Amino acid sequence: MNKKKTIYLAGPLFSHAELDYNRKLKDLLLRKGFSVFLPQEDAEDTINEREKLNQECIFNKCVEGVDGSDIVVAVLDGVDVDSGTAWEIGYAYAKEKPVIGVRTDFRSLSDGIVNLMVEMAIVSLAKNEDELLKIIEKFR
């Protein structure tokens, strides 16, 4: 029997829209049979925890989340990639974990889709949720 693969879902989590989109992606991935680590839920990365200055705990849980994952899915929307997401991508790359980017934002940089360092660290880029689900099947 194959072990269920774990996905670390990296992305910005500072607006209601970002939080909702992250939950939508998590639900899609769960329905495909993956386990999903979502920092906004699994690392207690909430406004209340930040107000308690519990940042070291949040950081450590996110590092453990990447360490315990098989794959990282990173939301790359926005004019520039969220700085925390960029760090998670770099950390996953250093740990030799495949990173799949999701970019639904049609804006691009003049020389590429996202920052060069981020673009070179990802193994595949999906333009929408359907593409992500097709790509993720290759990593079962």
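Buried means under 20% relative accessible area and exposed means over 50%, with partly exposed in between. The exercises below apply these classes to a predicted model.

**Exercise 1. Describe the overall make-up of the protein chain: how many helices and strands does the chain have, and in what pattern?**

Step 1. The secondary structure consists of seven helices and five strands.

Step 2. Along the sequence these elements follow the pattern β-α-β-α-α-α-β-α-β-α-β-α.

Step 3. The protein chain has 140 residues, and 44% of them count as buried. Its exposed area is about 8200 Å², with carbon and sulfur atoms supplying 53% of that area.

Step 4. For contacts between residues at least 6 apart in sequence, 70% join residues at least 24 apart.

**Exercise 2. Determine which residues of helix 5 are buried, which are exposed on the face turned away, and what the buried ones pack against.**

Step 1. Helix 5 covers residues 83-94, twelve residues in total. From first to last C-alpha the helix reaches 17 Å, close to the 16 Å expected at 1.5 Å a residue.

Step 2. The buried residues of helix 5 are T85, E88, I89, Y91 and A92. They cover an arc of only 165° around the axis, so they sit on the same side of helix 5.

Step 3. On the face turned away from this buried side are the exposed residues S83, Y93 and A94.

Step 4. The packing partners of the buried residues are strand 1 (6-10), helix 2 (39-42), helix 4 (55-67), strand 3 (71-75), strand 4 (99-102) and helix 6.

**Exercise 3. Carry out the analysis for helix 4: what span should its 13 residues have, and which residues are buried?**

Step 1. At 1.5 Å a residue, the 13 residues of helix 4 should span 18 Å, and the end C-alpha atoms are indeed 18 Å apart.

Step 2. I58, C62, V63, G65 and V66 are the buried residues of helix 4. Because their directions fall within an arc of 155° when seen down the axis, they line one face of helix 4.

Step 3. E56 and E64 are exposed on the face of helix 4 turned away from the buried side.

**Exercise 4. Locate the partners of D70, K24 and K26 in salt bridges, and say which parts of the chain each pair links.**

Step 1. The whole structure contains six salt bridges.

Step 2. D70 pairs with K3, the closest N and O atoms being 3.8 Å apart. D70 lies in the loop between helix 4 and strand 3 and K3 in the segment before strand 1, so the pair ties together parts 67 residues apart in sequence. D70 is partly exposed at 28% relative accessibility, and K3 is exposed at 62%.

Step 3. K24 pairs with E129, with 4.0 Å between the closest N and O atoms. This pair links helix 1, which holds K24, to helix 7 (residues 129-137), which holds E129, across 105 residues. E129 is buried, with a relative accessible area of 18%.

Step 4. K26 pairs with E41, the closest N and O atoms being 2.6 Å apart. K26 lies in helix 1 and E41 in helix 2, so the pair joins parts that are 15 residues apart in sequence. K26 counts as buried at 15% relative accessibility, whereas E41 counts as partly exposed at 36%.

**Exercise 5. Is N22 buried or exposed, and which residues does N22 touch?**

Step 1. N22 is in helix 1 (residues 16-31).

Step 2. N22 has 3% relative accessibility and therefore counts as buried.

Step 3. Leaving out residues up to four places away in sequence, N22 touches L9, G11, P12, L13, L38, Q40 and V75.

Note on methods. Residues are numbered from 1 along each chain as its sequence is written. This is a predicted model: local features need pLDDT of at least 70, side-chain atom pairs count only at pLDDT 80 or more; totals for chains, interfaces and linings use all residues. Side-chain values use heavy atoms; hydrogens and water are left out. Helices (H or I, at least four residues) and strands (E, at least two) are DSSP runs, numbered from the N terminus. The expected span of a helix is 1.5 Å times one less than its number of residues. Buried means under 20% relative accessible area, exposed over 50%, partly exposed in between (1.4 Å probe, protein chains only). The arc is that of the directions from the helix axis to the C-beta atoms. Contact means heavy atoms within 4.5 Å. Accessible areas come from the Shrake-Rupley method with a 1.4 Å probe; for residues, only the protein chains shown count as cover. A salt bridge is a side-chain nitrogen of Lys or Arg within 4 Å of a carboxyl oxygen of Asp or Glu.
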